[in-house]
Amino acid sequence: MTLFDRPTVLELLDAVIDFINAETKSEDYPANKRFKLQIVSNVLNIVKREIDLGKQINEDFSKLGAELINEKDFSVGKLAEKIRNNEIDISDKNFIDFLFELTEKKIDIDNPKYKKI
């Protein structure tokens, strides 16, 4: 549930992205400006995906990370400290799987096309 009316944040982002994408296809803009607008569109798409997927990814990996470091609360700092203190073996399959899955989820946000290559 949200207290905010429509349009939602994602709908607003979609509207801006659609506008920018239409402008980048227009011959009215010089090529260098179209290129810059495409960069803006890409950044907005990343923001949109992070809003859409970020909360669930954070929750999932906080749980997995807590299991990995054998603590109630997870943080990247705690993980780094345990690695630094040799409390986590970086060749451990669970650790490698954790990093692999996390990397895949980050790619889902940053540029999902990378996974299709």
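This report walks through the confidence, core and pockets of a predicted model.

## Confidence

Before poking at the details, a quick look at the scores. Across the protein chain the pLDDT averages 92, and 98% of the residues come in at 70 or higher. Helix 3 has the highest confidence, with a mean of 96, while helix 1 (residues 9–25) sits lowest at 93.

## The nonpolar core

Ten residues make up the largest nonpolar core. The aromatic part of the list is Phe-61, Phe-95 and Phe-98, and the rest are Ile-57, Leu-68, Ile-69, Leu-79, Ile-88, Leu-102 and Ile-109. Helix 2 and helix 4 are the elements that contribute two or more residues to this core. As background, nonpolar side chains in soluble globular proteins tend to be buried together.

Ile-57 is a handy residue to follow here. Setting aside neighbours within four places in sequence, Ile-57 contacts Lys-105 and Ile-109. Ile-109 is itself a member of the largest nonpolar core.

## The largest pocket

If you're hunting for open space, start with the largest pocket, at a volume of about 340 Å³. Its lining has 16 residues, and those nearest the centre are Ile-57, Asn-58, Phe-61, Leu-102 and Lys-106. Ile-57, Phe-61 and Leu-102 also turn up in the largest nonpolar core.

Where does the lining of the largest pocket come from? Helix 2 (31–69), helix 3 (76–84) and helix 4 (93–110) each put in at least two residues. By chemistry, the lining splits into nine nonpolar, four polar and three charged residues.

## The second largest pocket

Next comes the second largest pocket, with a volume of about 160 Å³. Asn-42, Asn-45, Ile-46, Arg-49, Asp-110, Asn-111, Pro-112 and Lys-113 line it. Which helix gives the most to this lining? That would be helix 2, with four residues. The mix here is two nonpolar, three polar and three charged residues.

## Around Asp-108

Arg-49, part of the lining of the second largest pocket, also has a contact with Asp-108. Asp-108 belongs to helix 4. In sequence, Asp-108 and Arg-49 are 59 residues apart, yet their C-alpha atoms are 7.9 Å apart in space.

Which residues does Asp-108 touch, not counting those up to four places away in sequence? They are Arg-49, Leu-53 and Lys-115.

Conventions
Residues are numbered from 1 along each chain as its sequence is written. This is a predicted model: local features need pLDDT of at least 70, side-chain atom pairs count only at pLDDT 80 or more; totals for chains, interfaces and linings use all residues. Side-chain values use heavy atoms; hydrogens and water are left out. On a 1 Å grid over the protein atoms alone, a cavity is a set of points where a 1.4 Å probe fits but cannot get out, and a pocket is an open set with protein on both sides within 12 Å along at least five of seven lines; lining residues have an atom within 4 Å of a point. Grid points are joined across faces, edges and corners, and a volume is the space filled by probe spheres set on the points. Ala, Val, Leu, Ile, Met, Phe, Trp, Tyr, Cys and Pro count as nonpolar, Asp, Glu, Lys and Arg as charged, and the others, Gly among them, as polar. Contact means heavy atoms within 4.5 Å. pLDDT is the predictor's confidence in each residue, from 0 to 100. A nonpolar core is a set of buried Ala, Val, Leu, Ile, Met, Phe, Trp, Tyr and Cys residues joined through side-chain atoms within 4.5 Å. Buried means under 20% relative accessible area, exposed over 50%, partly exposed in between (1.4 Å probe, protein chains only).
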